[in-house]
Each structure stands twice: as C-alpha cells, then as structure tokens.
Amino acid sequence: MPWLNAKFWQDRLPRCLSVFGLLASLLGSQSLASSSPQGTEVRFLLPAGGLWAPLSDGLRRGYSLAIDQAQVCGQPRPALDLAWVSAALDRGEALASRPRTRLLIAPPAAALESYGVLAEQRRLTVLLPLQRGDSLARLPQLRGADHLWPLLAPRGLGADRLAHGLLAARLRRVLVVRDGGAGQKQLAERFLETLLASGGTSAGVEPGPQLIDGRQPAVLAQLRQDVDWAGPQVLAVFSESTSPLARAVRSSRWPAVLTLAWPFAELEPLANPQVGVDASGRGEGWSEFARAFEGRWGYGPGVAEAAGYDAGQLVSLAAIRSHGEPGWDLQWLKGHGRPQELCAAIAARRLGRQVRPQGAASHLDGSAGSPPSAALQLSHLPARP
C-alpha cells in the first residue's frame with residue numbers, strides 16, 4: 001500500500017497541506033461572512049475610553065453567560081456585532097453601515113435624545129443596560145421613548161429605600177447634607193421629599209439639604225454645632241464614599257446617639273451606628289445568576305455584569321420567532337407577569353406567549369420609556385465598641 005511508504009508522503013505532503021489550508025481559509029471566510037456586521041440584527045455598543053471603559057468586560061461577560069444558558073435551553077446563539085465607541089461618536093455613524101440592525105444595546109450613560117431619534121427613524125429597539133441617572137426622569141417625554149428600554153432601576157429608588165428604612169427603624173428626625181457632586185443634589189432632595197411625605201421631619205436650619213464643603217474646617221465646625229443644637233436622630237450624608245465630605249464626617253466626633261446614613265453600602269466601623277443602601281438593585285434571579293457567574297468567571301458579579309446578563313436574556317428571547325417573526329420590538333415582554341427562569345421563558349415564547357424573565361439587575365418589570373423596579377438592600381452597622 002503506497003500510502004504506508006514514507007517516500008509517498010514526502011512527495012505529496014506539501015500539496016495536501018496547501019489544499020487543507022485553502023479549505024480552512026474558505027470555511028473561515030464563510031463563517032465570517034455569515035456573522036458579518038451587514039448580516040447581524042443585534043449590535044452591542046461598548047465604551048472605548050473614559051470612566052465607563054472598565055465596565056465593558058463586565059457587560060460582555062454577563063451577556064455571554066445569558067447567551068450560553070439560552071443555548072443549553074435549545075435557543076441558538078444570535079449573531080452579534082460588537083463595536084467600541086467614544087462618547088463623541090455620532091450615533092448614526094455607529095449604525096450607518098448596518099442596515100439590518102433591529103436591536104441595539106447602548107453604551108453606559110447614553111445620550112437619550114440622540115438614541116430616541118435614531119430608534120424612531122430606524123425602527124430599532126434600544127436596550128439601556130447601565131442608564132439609571134437623572135435622564136430617566138424625562139425619558140417618557142422624549143421622541144422615540146417607546147423604543148428605549150432601561151434595564152436598571154433609577155438611582156432615586158435608593159433614596160426612597162433609605163428614607164423608608166430609617167422610618168421603619170423609628171428614626172424620623174433627620175438632618176440632610178450633601179456635597180457638590182454630580183447627582184447628589186437630586187438624590188438628597190428626593191430623599192428629603194420621601195422622608196417628609198412618609199411622616200419624617202427635617203432638622204435642618206434650611207428648607208432643603210445643606211450644601212457642605214468637606215474641605216472647609218469652618219463649615220464642618222458649623223455643621224457640628226448645628227447637630228448639637230438641632231439634636232437630629234440621623235445625619236444623612238449624600239456624597240460618594242470616597243469624597244472629602246464623607247471622609248470629614250467619618251473623622252469627626254458626633255453625639256453617641258446620632259446615626260449616620262449614606263447612599264452607599266460600603267460602611268466601615270465608626271463610633272456611631274450607620275445605615276447605608278446598596279443602590280445598585282437586584283432582581284428575583286440575582287442569586288442564581290451570581291452563583292453561575294462566579295462559577296464561570298471566578299469572581300463575584302456587580303451591576304455591570306448583572307445588566308449585561310439581563311440584556312443577554314432579552315436578546316435571546318427577542319430572537320425567537322413567534323407567528324413567523326422575531327420579537328425585536330419586545331412587545332412580548334410582560335412587565336406585570338410572573339417572573340420565569342430563562343428556559344421556561346424560552347419555551348413560553350415559542351408558544352407565542354408573553355413572558356417576563358427573572359432579572360438579575362432589576363425585576364425587568366418596566367416597559368418602553370419606563371425603568372423597572374428592583375430590590376435594594378439596606379446595610380446596618382452598629383457603633384464600634
């Protein structure tokens with residue numbers, strides 16, 4: 001048998017390798033063509049730089065986990081076009097050469113006016129995985145709002161949860177202060193509004209939250225005098241956990257009976273009791289998602305990973321054909337329905353039913369132009385002995 005002869009293969013091996021290489025090249029080209037940007041219906045825009053860039057990996061990993069789980073449930077992986085965009089990029093440019101795009105996953109802190117107009121013009125569904133700031137308040141009034149789907153609960157929900165938590169602990173008299181950071185004014189005002197409407201009282205010397213510069217010793221001294229004079233049960237401090245105001249409050253001496261309240265959950269032991277709120281929010285599916293994510297990637301997920309996962313769930317369900325067409329418009333999403341695990345939701349969608357998957361980052365109970373709700377956890381830390 002000649003193919004057992006070394007001389008036989010010595011003469012023919014280079015030619016065989018050349019043929020195999022050509023076949024591999026052709027197969028690779030066909031594979032790339034089938035998933036080229038021209039042919040994909042889902043486009044994922046990720047931040048290319050700036051403060052939001054580190055979230056890209058978390059979003060992609062959460063998304064990938066959901067898509068993989070949907071495949072286990074028998075749902076084919078939707079073709080996806082990834083793109084990294086800068087904040088200055090015109091949104092039309094990002095889609096100009098993608099005429100088949102039907103569902104767009106927007107980057108964090110998206111300019112809602114631009115995406116609303118683009119979605120209306122192109123008849124797109126736009127998922128907003130990390131949109132949760134003040135822009136959501138005006139979302140219903142925007143052009144194209146019926147195409148925009150936030151996946152996170154608004155930040156103001158954390159202010160409400162903190163106010164209700166203090167009242168439930170019979171802590172009703174509160175002095176509210178804030179720094180000049182972005183968004184803190186709105187959060188502090190929302191907190192005070194909720195507190196007063198629910199039976200609490202303000203111990204401030206001014207009608208609204210006091211603006212405090214944590215870098216000014218004289219201003220901090222006046223704040224300590226205000227606390228001694230007004231005798232509040234709680235000093236609610238609206239700032240970032242690493243801000244000058246937060247550091248100054250932590251390093252100051254306060255009456256032993258005073259509780260410190262924060263709009264974040266990263267608490268460190270102090271001489272006063274503290275209450276914080278994890279404003280990132282969670283949905284019914286958080287626990288199962290967190291276990292699966294850590295088992296897959298080796299670390300505990302955060303809000304970006306959970307938001308990416310919820311986006312992946314919705315993409316998998318939207319790709320299912322019901323009555324001959326996929327549901328890219330998300331009209332099948334039943335915000336007030338009973339939450340279902342992903343496999344059950346996929347099976348129900350194939351029967352043409354409306355579904356609501358178990359969200360990880362929120363309850364996924366919102367609608368186009370309306371953000372969802374979420375479970376926000378309070379953190380309690382007693383005074384340091």
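Is W297 buried, partly exposed or exposed, and what is its relative accessible area? W297 is partly exposed, and its relative accessible area is 31%. The model is a predicted one. The protein has 385 residues, of which 47% are buried, and its secondary structure comprises eleven helices and 16 strands. Of the contacts between residues at least 6 apart in sequence, 67% join residues at least 24 apart.

**Aromatic residues**

- Eight aromatic pairs turn up when the whole structure is searched.
- One of these pairs is F289 with Y309: the ring centres lie 4.8 Å apart and the planes make an angle of 40 degrees, so the pair counts as tilted.
- F289 belongs to helix α9 (residues 286-297) and Y309 to helix α10 (residues 303-318), so this pair ties together parts that are 20 residues apart in sequence.
- F289 and Y309 are both buried.
- F293 and W297 are also a tilted pair, because their planes stand at 40 degrees, with 6.4 Å between the ring centres.
- Within helix α9, F293 and W297 are four residues apart, so about one helical turn separates them.
- F293 has 0% relative accessibility and therefore counts as buried, whereas its partner W297, at 31%, is partly exposed.
- A single aromatic cluster takes in W286, F289, F293, W297, Y299 and Y309. Both of the pairs described above thus have their members in this cluster.

**Charges over rings**

- R61 is placed over the face of W297, and its distance from the ring centre is 5.1 Å.
- A second case involves R250, whose charged end sits over the ring of W262 at 5.3 Å from the centre.

**Packing of α2 against α10**

- Helix α2 (residues 55-72) packs against α10 with the axes 6 Å apart and at an angle of about 40 degrees.
- An angle from 35 up to 65 degrees falls in the oblique class, and α2 and α10 are therefore oblique to each other.
- The crossing of α2 past α10 is right-handed.
- On the α2 side, the contact residues are L55, G58, L59, G62, Y63, L65, A66, I67, Q69 and A70.
- On the α10 side, they are A304, E305, A307, G308, Y309, A311, G312, Q313, V315 and S316.
- Y309 therefore appears twice in this picture: it meets α2, and the ring of Y309 pairs with that of F289.

**Packing of α2 against α9**

- The axes of α2 and α9 cross at roughly 105 degrees and come within 11 Å.
- This angle makes α2 roughly perpendicular to α9.
- R61, G62, S64, L65, D68 and Q69 of α2 make the contact with F289, A292, F293, R296 and W297 of α9.
- R61 and W297, the residues of the charge-over-ring arrangement, are among the residues of this contact.
- G62, L65 and Q69 of α2 take part in the contact with α9 and also in the one with α10.

**Packing of α10 against α11**

- α10 and helix α11 (residues 342-350) have axes that come within 10 Å and cross at roughly 25 degrees.
- At that angle, α10 is roughly parallel to α11.
- α10 passes α11 in a crossing that is right-handed.
- Q313, L317 and A318 of α10 meet L342, A345, I346 and R349 of α11.
- Q313 is named in the contact with α11 as well as in the one with α2.

**Positive phi outside glycine**

- A109 is not a glycine, yet its phi is positive, at about 55 degrees.
- The loop between β3 (103-105) and α4 (112-122) holds A109, which counts as partly exposed at 42% relative accessibility.
- L364, another residue other than glycine, also has a positive phi, near 50 degrees.
- L364 lies in the loop between β15 (356-357) and β16 (375-381).
- With 3% relative accessibility, L364 counts as buried.

**A221**

- A221 is located in helix α7 (residues 217-230).
- The relative accessibility of A221 is 27%, so A221 counts as partly exposed.
- A221 and S252 are 31 residues apart along the chain, and their C-alpha atoms are separated by 9.4 Å.

How values were computed
Residues are numbered from 1 along each chain as its sequence is written. This is a predicted model: local features need pLDDT of at least 70, side-chain atom pairs count only at pLDDT 80 or more; totals for chains, interfaces and linings use all residues. Side-chain values use heavy atoms; hydrogens and water are left out. Rings of Phe, Tyr and Trp (its six-membered ring) pair if their centres lie within 6.5 Å; planes under 30 degrees apart count as stacked, over 60 as edge-to-face and the rest as tilted. Helices (H or I, at least four residues) and strands (E, at least two) are DSSP runs, numbered from the N terminus. Buried means under 20% relative accessible area, exposed over 50%, partly exposed in between (1.4 Å probe, protein chains only). A charge sits over a ring if NZ of Lys or CZ of Arg is within 6 Å of the ring centre and within 35 degrees of the ring normal. Axes are lines fitted to C-alpha atoms, for helices over the stretch in contact, and angles run from 0 to 180 degrees between N-to-C directions. Angles under 35 degrees count as roughly parallel, over 145 as roughly antiparallel, 65 to 115 as roughly perpendicular and the rest as oblique. A crossing is left-handed if the near helix is turned anticlockwise from the far one by less than a right angle, and right-handed if clockwise. Contact means heavy atoms within 4.5 Å.
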